[in-house]
Amino acid sequence: MTFIKRLKALMAEKKVTKAEISKELHIGVNQIKYWEDKGNTPDGATLIKLADYFGVSVDYLLGKTDKKNKTVADERSLTEAEKEIIAATADMTEDELNAVLGYAARIIAKRKKED
């Protein structure tokens with residue numbers, strides 16, 4: 001799938017217009033029209049802005065993959081302990097998750113201090 005087809009599909013999915021994207025991301029409406037008409041792709045910084053806006057990877061936006069996002073699982077398999085942590089934290093509130101993250105940060109800091 002080409003960049004512009006993928007962009008149009010994401011726009012339809014999110015129900016946003018060129019004008020809304022233009023305003024939100026500070027991209028000229030004419031620029032988006034240019035990509036459509038000429039079949040060009042935006043520069044790297046703009047691709048990143050668009051990918052972040054739509055919550056997808058740049059590779060997905062460019063049509064290089066059909067997976068919207070890369071996950072940790074794409075990079076490597078999760079250990080059993082990591083799977084247990086994910087399961088254990090699934091129903092936590094944001095405050096509880098922040099407490100867990102704070103605890104993890106203290107453990108990492110302590111380990112670095114010992115090294």
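**Loops, helices and a pocket**

Trainee: His26 comes out as exposed, at 69% relative accessibility. So which cut-off makes that "exposed"?

Mentor: Keep in mind first that we're looking at a predicted model. His26 has a relative accessible area of 69%. That counts as exposed because the bar for the class is over 50%.

Trainee: Where in the chain is His26 found?

Mentor: Think of two helices, α2 and α3, with α3 covering 29-38. His26 has a phi near 60°, a positive value in a residue other than glycine. Its place is the loop between α2 and α3.

Trainee: Lys15 isn't a glycine either, so what is its phi?

Mentor: Lys15 is found in the loop between α1 (3-14) and α2 (18-25). Lys15 is exposed, since 73% relative accessible area is over 50%. The sign of its phi is positive, and the value is about 60°.

Trainee: How do α1 and α3 lie relative to each other: parallel, antiparallel, perpendicular or oblique?

Mentor: Their axes come within 9 Å and cross at roughly 130°. Roughly antiparallel would need over 145, and roughly perpendicular stops at 115. The angle falls between those two limits, so the pair is oblique.

Trainee: Which residues of α3 make that contact?

Mentor: On the α1 side you'll find Phe3, Ile4, Leu7 and Lys8. By class, the residues of the contact split into five nonpolar, no polar and two charged. Across from α1, the α3 residues are Ile32, Trp35 and Glu36.

Trainee: Staying in α1, is Arg6 buried or exposed?

Mentor: Arg6 has its place in helix α1. Its relative accessible area is 4%. The cut-off for the lower class is under 20%, so Arg6 is buried.

Trainee: What does Arg6 touch, leaving out residues up to four places away in sequence?

Mentor: Take Thr65, which is 59 residues from Arg6 along the chain, with the two C-alpha atoms separated by 11 Å. Thr65 is one of the residues that Arg6 touches. The full list is Met1, Tyr60, Leu61, Gly63, Thr65 and Asp66.

Trainee: How far is Ser77 from Ala19 in space?

Mentor: Ser77 lies in the loop between α6 (72-75) and α7. With 63% relative accessible area, Ser77 is exposed. Ser77 and Ala19 are 58 residues apart in sequence, and C-alpha to C-alpha the separation is 41 Å.

Trainee: Moving on to Ile108, which exposure class does it get?

Mentor: Ile108 lies in helix α8. The C-alpha atoms of Ile108 and Thr41, 67 residues apart along the chain, are separated by 41 Å. Its relative accessibility is 37%, which is neither under 20% nor over 50%. That makes Ile108 partly exposed.

Trainee: Which element gives the largest share of the lining of the largest pocket?

Mentor: The lining is made of Ile85, Thr89, Leu97, Val100, Leu101 and Ala104. Two elements give two or more residues each, α7 (80-89) and α8 (94-114). The largest share is four residues, and those come from α8.

Trainee: How many residues in that lining are charged?

Mentor: Sort the lining of the largest pocket by class and you get five nonpolar residues. One more is polar. The number of charged residues in the lining is none, so the count is no charged residues.

Trainee: Last one from me: what volume does the largest pocket have?

Mentor: Rolling a probe the size of a water molecule over the atoms shows where empty space is left. For the largest pocket, the volume is about 220 Å³.

Definitions and conventions:
Residues numbered from 1 in each chain as written. Predicted model: local features only at pLDDT ≥ 70, side-chain atom pairs only at ≥ 80, totals over all residues. Heavy atoms only, no water. 1 Å grid on protein atoms, 1.4 Å probe; cavity = no way out; pocket = protein on both sides within 12 Å on 5 of 7 lines; lining within 4 Å. Points joined across faces, edges and corners; volume = space filled by probe spheres on them. Buried < 20%, exposed > 50% of the residue type's maximum accessible area, 1.4 Å probe, protein only. Axes fitted to C-alpha atoms, helices over the stretch in contact; angles between N-to-C directions. Parallel < 35°, antiparallel > 145°, perpendicular 65-115°, else oblique. Contact = heavy atoms within 4.5 Å.
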